[in-house]
Amino acid sequence: MQAENHGRRMAFTTPRNQASSLASSLKIGRTVLVYLALIAAALFAVFPFLWMLSTSLKAAGEVTTTSPVLLPANPTLANYATIADAFPVWRILFNSLLVAVAITLAQLLFSAMAAFAFARIPFRGSGLLFVIYLATLMIPSQVTITPLFILMTGLGWVNTYQGLILPGAFSAFGVFLLRQSFLSFPKEYEEAANLDGATYWTVFLRLVLPVSGPALATLTVLSFMSAWNSFLWPLFVTRDADIMTLPVALATLQGRWTTQWNLVMAGAVLAVLPIITLYLSAQRYFVQGLTSGGLKG
Amino acid sequence: MAVVSNKVGEKNWVRRLWVAFFLGPHLIGMLAFLVIPILASLVLSFAEWDLLTPARWLGLDNYTALLSDPNFWDALKHTFYFIAGYLPLVLVLGLGLALLMNQKLRGRLIFRVAFFLPVVSAWVAVALLWKWLLNPRYGLVNWLLSLVGIEGPGWIFDPNWAMPSIILASVWKDLGFVMMILLAGLQAISPEYYEAASLDGAAGWRMLRNITIPLLSPTIFFVVVISLVNSFQVFDQVYVMTAGGPAGSSQVLVGEIVNNAFRYSRFGYASAMSWVLFALIFIVTLVQLWLQRRTVHYQ
């Protein structure tokens, strides 16, 4: 009887304890594996950037060696100075900033106004026009690049800021994104405002825009990032270093110092540092914007 | 009383003025820099024009010339090669990362920030970085390979390895982007499905195959469409890393369009090629929409 009892207790308790301790150590093991995998993946993503930075601080001798040194023995900013001597670095940074800010502001203002018209003002042909807008999203930008280049040549806009900015300032995407947000604005508020004698402009500026913060932030981030990183169009519409944006200047720099990787990497650091800083300070908007927009830079 | 602003009694011409005011600036911009260039490109694709001599109407000659242009076929082949290597890799790795990230973890934000660094960086900088990492003599990658006794290839200097190099850099850059979209999709799956499935004894691989993947299929579909459309337009990384070389072994469609337009001033021919690119993207998107209707599961 006692033995039987004992046996039953064994049957009920010990295996369960064993099972639960096995389960918990399995769980811990699994968590450790998940972390190890994530850390490996994060290193894979981040380490190349550290290598870029490290290379940019090295002297030439430390770069062309078959057994790479992780950190420069004597970190030096000489590479950056060399670049600043050969390129108008501040001017190029200014160009990039001016072009990206101008494109972003134009995208925000004009897209928001157009989206407001589509979302809140009934007019004949609104639906058809919007479908045509959407259809332009399907056309790859390479289709328009040839006629645009011919147009810019004809207008004498090659090598000008307007040539860099205007072709990027209008897109159906911004209108599409903001229209979705504007549509959700409650009709009742607008009607109340109308009774108070508010014009469309007042409704747009005072009522609709203030509550559309997330959509506007998304468009800001997407426009700025894609303008800042844009390469193909600036490559063909700029000729002189004075008007170049960072990516184009960087490609030119590569041509000049083909094998001097410490110099090339210093240039790369200059190109990614501003956008990474911006990303780190507003990373929530970047992630939201990029995943909701589904567009890459 | 309140005739102007009240919509009910609003005069038609007043409303039209408001439409013109709100829509006008954007519409003019769209016409000048998008719609008219699109139409011009279509017309141009039936003509020959180098901007110096008068344009000449060719009819369909540009398109028939494409069919017998080995450079075009090579570029098309390389573009498909890129897609065949890039798309499965970025999807599988992105899904793996998203599954790892889709649980209660400390420091998830830090991982997310890390994975997104390549996504926000300019392609030119990333392409130069990988060109340096893959440098056959002094690059980090071949040095790491040598540590485990492998003699690394010539990467971008070897016609057989140039495209794999470009694929590697592209997967690295886009992985975080694909991961984030899939993660958002995973987080939208209701936990009830998992609870029900685990009551039925599903776990691990079976859970992934029978529950997660089918419920994630709308998101996967979205990622595939976007990645495919972007892949057809692959250019920046190719231009910077290999410029289509060595010996044309990594030249892609957009590279060929750019060469024809800006190097050889064959604007009509380049336009024709860009419309073929559009047709390819259009067909592939239609096929995917058709496939989606048949295979994608919605919750």
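Leaving aside its neighbours within four places in sequence, with which residues is B:Ile83 in contact?

The model is predicted, so to speak of local features a pLDDT of at least 70 is needed, side-chain atom pairs count only at pLDDT 80 or more, and totals for chains, interfaces and linings use all residues. Residues are numbered from 1 along each chain as its sequence is written, with chains lettered from A and ligands numbered from 1 in the order in which they are written.

**Exercise 1.** Place B:Ile83 and describe its surroundings.

Solution. B:Ile83 lies in helix H3 (residues 70-101) of chain B, where helices are DSSP runs of H or I with at least four residues, numbered from the N terminus. Apart from neighbours within four places in sequence, B:Ile83 is in contact with B:Leu228 and B:Ser231, contact being C-beta atoms, placed from the backbone, within 7 Å. B:Ile83 counts as partly exposed because it has 19 C-beta neighbours inside 10 Å (20 or more would be buried, 12 or fewer exposed).

**Exercise 2.** Describe how H5(A) and H12(A) cross.

Solution. The axes of H5 (residues 89-120) and H12 (residues 213-229) of chain A come within 8 Å and cross at roughly 145°; axes are lines fitted to C-alpha atoms over the stretch in contact, with angles from 0 to 180 degrees between N-to-C directions.

**Exercise 3.** Describe the contact between chain B and chain A.

Solution. The contact takes 73 residues from chain B and 76 residues from chain A. On the side of chain B that touches chain A, the largest share, 18 residues, comes from helix H1 (residues 12-44) of chain B.

Notes:
Helices (H or I, at least four residues) and strands (E, at least two) are DSSP runs, numbered from the N terminus. Two residues are in contact if their C-beta atoms, placed from the backbone, lie within 7 Å.
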